[in-house]
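Biologist: I would like a close look at a single part of this model. Please take the structure below and go through that part in one connected answer.

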Amino acid sequence: MATADTSPAEQGAPPARPSAPHPPRPRAAPAAVPEQPHPTTTLIGSVQRAMRLLESVAGHAYGAPAKQLARETGLALPTAYHLLRTLVHEGYLRRDKGLFFLGEAAERLASAGAAQKRRSTIVDTLAQWRDTIGAPVYYAVYQNGEIETRYVADTPESPAVEQWADFRETGHAHAIGQCLLSQLDEGARRDHLDRYPARTLTPYTVRDGHSLLRRLAGARRAEAVTERQEYLLGTVCAAVPITLGATVATVAISLPVRQAERLLPAVRKLEREVGRAVGALALSISI
């Protein structure tokens with residue numbers, strides 16, 4: 001007979017079965033997020049309305065009141081007021097005695113756009129000359145005592161001259177530099193050569209600054225300048241002077257020495273092209 005201390009197993013009772021594990025709870029699906037309108041939808045509309053107001057203000061040289069601008073742009077008056085205040089705050093408009101005018105920020109944009117258009121005019125013109133003449137075309141200026149090559153129009157088939165030596169420091173050796181220096185007075189020429197002394201780049205380079213000064217003194221001011229292998233062996237160049245007011249500029253071409261016989265006919269064609277276009281480029285080349 002079993003005692004009180006006898007376990008159920010010892011009494012022949014079946015052992016207790018382990019409880020079955022609970023099945024994993026399914027994860028709750030993320031709450032659906034309501035689709036939001038893309039932020040640019042609102043921004044684009046606001047920008048469009050603001051731009052219409054700017055255009056409307058630009059059409060009134062003597063300013064215009066908010067009510068008139070709202071009518072012209074088809075905007076509700078409260079919307080027009082809100083945008084006008086914002087544009088004034090940002091400097092694109094200014095308000096004077098109830099009238100709105102273009103502000104300094106808008107004028108800076110207009111000025112930058114005009115400069116960009118002038119640059120585009122030069123680039124397009126150089127590309128046209130390049131195709132007409134069949135040679136790379138360069139545009140350079142002399143500004144603040146320095147030679148600056150601003151634009152170059154070339155093609156893979158007719159590449160521009162590689163600037164293996166800085167054009168600013170070697171004006172004595174290439175047609176661009178010689179042409180720009182030829183348009184300066186003698187004092188400015190000497191100053192340039194004092195800062196950038198003549199040095200030998202090839203066997204054909206001018207020997208020294210005194211020799212260059214004599215050459216420039218004997219050249220006519222409006223005459224094209226040519227150089228043959230003075231800057232780079234295997235290359236011949238020519239440059240046409242352009243002087244408008246205080247602007248000292250030049251347009252130049254280069255050819256491989258094997259085509260040296262083309263140089264003079266090509267520069268004559270370039271002179272004709274420059275002569276036809278210089279009036280239209282008068283403002284553009286001053287940038």
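Which are the buried residues of helix 7 (residues 209-217)? Please go on from there to the hairpin of strand 5 and strand 6, and to the lining of the largest cavity.

Modeller: The model is predicted. In helix 7, the buried residues are G209, S211, L212, L213 and L216. They pack against helix 5 (175-182) and helix 6 (186-195). Where helix 7 starts, D208 has a side-chain oxygen within 3.2 Å of the backbone nitrogen of H210.

Next comes the hairpin. Strand 5 (residues 225-228) has V225 and E227 on its covered face, while T226 and R228 lie on the uncovered one. Strand 5 pairs with strand 6 (residues 235-244) in the antiparallel sense, over 4 bridges. Within strand 6, A239 is the bridge partner of V225. There are 6 residues between the two strands of this hairpin, and Q229 takes a positive phi near 65°.

That leaves the cavities. The count comes to 2 cavities of 30 Å³ or more, and the largest has a volume of about 60 Å³. Its lining includes E227, along with Y231 and C237. Also in the lining are Y138, V161, F167, H174, A175, I176, A252, I253 and S254. Helix 5 and strand 7 (247-256) are the elements that give two or more residues to this lining. Strand 7 provides the largest share, 3 residues. By type, the lining residues divide into 9 nonpolar, 2 polar and 1 charged.

Helix 5 thus appears twice in this account: the buried residues of helix 7 pack against helix 5, and helix 5 gives two or more residues to the lining of the largest cavity.

Key
Residues numbered from 1 in each chain as written. Predicted model: local features only at pLDDT ≥ 70, side-chain atom pairs only at ≥ 80, totals over all residues. Heavy atoms only, no water. Buried < 20%, exposed > 50% of the residue type's maximum accessible area, 1.4 Å probe, protein only. Pairing = 2+ DSSP bridges. Contact = heavy atoms within 4.5 Å. Polar contact = N/O pair within 3.5 Å; in protein donor to acceptor, adjacent residues only side chain to side chain. 1 Å grid on protein atoms, 1.4 Å probe; cavity = no way out; pocket = protein on both sides within 12 Å on 5 of 7 lines; lining within 4 Å. Points joined across faces, edges and corners; volume = space filled by probe spheres on them. Nonpolar A, V, L, I, M, F, W, Y, C, P; charged D, E, K, R; others polar.
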